[in-house]
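Open the model in your viewer and keep the sequence panel visible. The stops below say what to select and what is there.

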Amino acid sequence: MTKRFLLTILFLFALILAKAQLLTQTVRGTILDKVSNAPIEGAVVVIIDVQPVVGAISDFDGNFKITNVPIGKHTVSISFLGYKEQTLAGINVNSGKEVVLNIALDEDLQQTAIVEVTAQKNQREALNNMSTVSTRTFSVEETQKFAAAINDPGRMASSYSGVISTDDGNNAISVRGNSPYGLLWRMEGVDIPNPNHFSSPA
């Protein structure tokens, strides 16, 4: 009788112990920039002293939520590219209420070597993908340097083969014998009626 009673007591004690080990809580909060108070999206928040490791990533508003964190004292690590990693030790997680952390990260400024970016552009490649032959692009600077162009793209274009000026009064040009009224001028991809201040009255 006494042995059975002791076994019952031990069994109940083991159940209480097992239930106590299963108690968990939620850790949530917000990650902000320390200077601007702007939310940081994509910050990694990890409970590093729990096996297996649990964590979360902050959303668009900087909010994160880690569920099923065992009760007890834990260490929380917060990291994000371009910011100093922050470690919070001794965070007390209990079964009474959720743990709310509002964390401000400092920027991690690093001086790097100078990066020089250069671009190469084929001046003979047209901006219009529909043009396959007889196309040429030129910039405003070229109209200033080109002989007899006088800052006029129409005059500059008439210097190319197959292009003639039809009337000096309005600077209209004909390309390969086509009508000047069928000519399309484009500036930075936008259709324009004429590249200069002389326009045809018709």
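Select Ser-77 and look across to β6, where the bridge partner of Ser-77 is Thr-87. Move to Ile-78: the partner in β6 is now Gln-86. Widen the selection to residues 72–79 and 86–93, which are strands β5 and β6; they run antiparallel and are joined by six bridges. Strands here are DSSP runs of E with at least two residues, helices are runs of H or I with at least four residues, and both are numbered from the N terminus. Two strands count as paired if DSSP finds at least two bridges between them.

This is a predicted model, in which local features need pLDDT of at least 70 and side-chain atom pairs count only at pLDDT 80 or more, while totals for chains, interfaces and linings use all residues. Residues are numbered from 1 along each chain as its sequence is written, and side-chain values use heavy atoms, with hydrogens and water left out.

**The turn between β5 and β6**

Select the six residues that lie between the strands of this hairpin; Gly-82 takes a positive phi near 95°. Now show the side chains of Phe-80 and Tyr-83. The two form a tilted aromatic pair, with 5.8 Å from centre to centre and 45° between the planes. The structure holds one aromatic pair. Rings of Phe, Tyr and Trp (its six-membered ring) pair if their centres lie within 6.5 Å; planes under 30 degrees apart count as stacked, over 60 as edge-to-face and the rest as tilted.

Is Tyr-83 buried or exposed? Tyr-83 is buried, with a relative accessible area of 18%, and Phe-80 is partly exposed at 28%. Buried means under 20% relative accessible area, exposed means over 50%, and partly exposed lies in between (1.4 Å probe, protein chains only).

**The four-stranded sheet**

Zoom out to the sheet that contains this hairpin. Four strands form an open sheet in the order β3-β2-β5-β6, with antiparallel pairing. Its edge strands are β3 (54–57) and β6, each of which pairs on one side only. From one strand to the next, the twist averages 20°. For such angles, axes are lines fitted to C-alpha atoms (for helices, over the stretch in contact), and the angles run from 0 to 180 degrees between N-to-C directions.

**The three-stranded sheet**

Next, select β4, β1 and β7. In that order they form an open sheet with mixed pairing. Why is one side of β4 (63–70) and of β7 (99–105) left without a neighbour in the sheet? Both stand at the edges and each has a single partner strand, so one side stays unpaired. The twist here averages 25° from one strand to the next.

Within this sheet, β1 (residues 24–33) and β7 run parallel and are joined by seven bridges. To see one of the bridge pairs, select Asp-33 and its partner in β7, Leu-105.

**Two salt bridges**

Side chains of opposite charge can pair when their charged atoms come close. The structure holds two salt bridges, each being a side-chain nitrogen of Lys or Arg within 4 Å of a carboxyl oxygen of Asp or Glu.

Select Arg-28 and Glu-98; their closest N and O atoms are 2.6 Å apart. Arg-28 is in strand β1 and Glu-98 in the loop between β6 and β7, 70 residues apart. Arg-28 is partly exposed at 35%, and Glu-98 is partly exposed at 32%.

Then select Lys-34 and Asp-106, whose side chains meet at 3.7 Å, N to O. Lys-34 lies in the loop between β1 and β2 (44–47) and Asp-106 in the loop between β7 and α2 (140–145), so the pair ties together parts that are 72 residues apart in sequence. Lys-34 is partly exposed at 48%, and so is Asp-106 at 32%.

**Thr-143**

Now go to helix α2 and select Thr-143. At 5% relative accessibility, Thr-143 counts as buried. Leaving out residues up to four places away in sequence, Thr-143 touches Phe-138, Ala-149, Ile-150, Asn-151, Asp-152, Pro-153 and Met-156, where contact means heavy atoms within 4.5 Å. Add Arg-155 and draw a C-alpha to C-alpha distance from Thr-143: the two are 8.6 Å apart in space and twelve residues apart in sequence.

**The whole chain**

Finally, show the full chain, which has three helices and eleven strands. Of its 202 residues, 24% count as buried.
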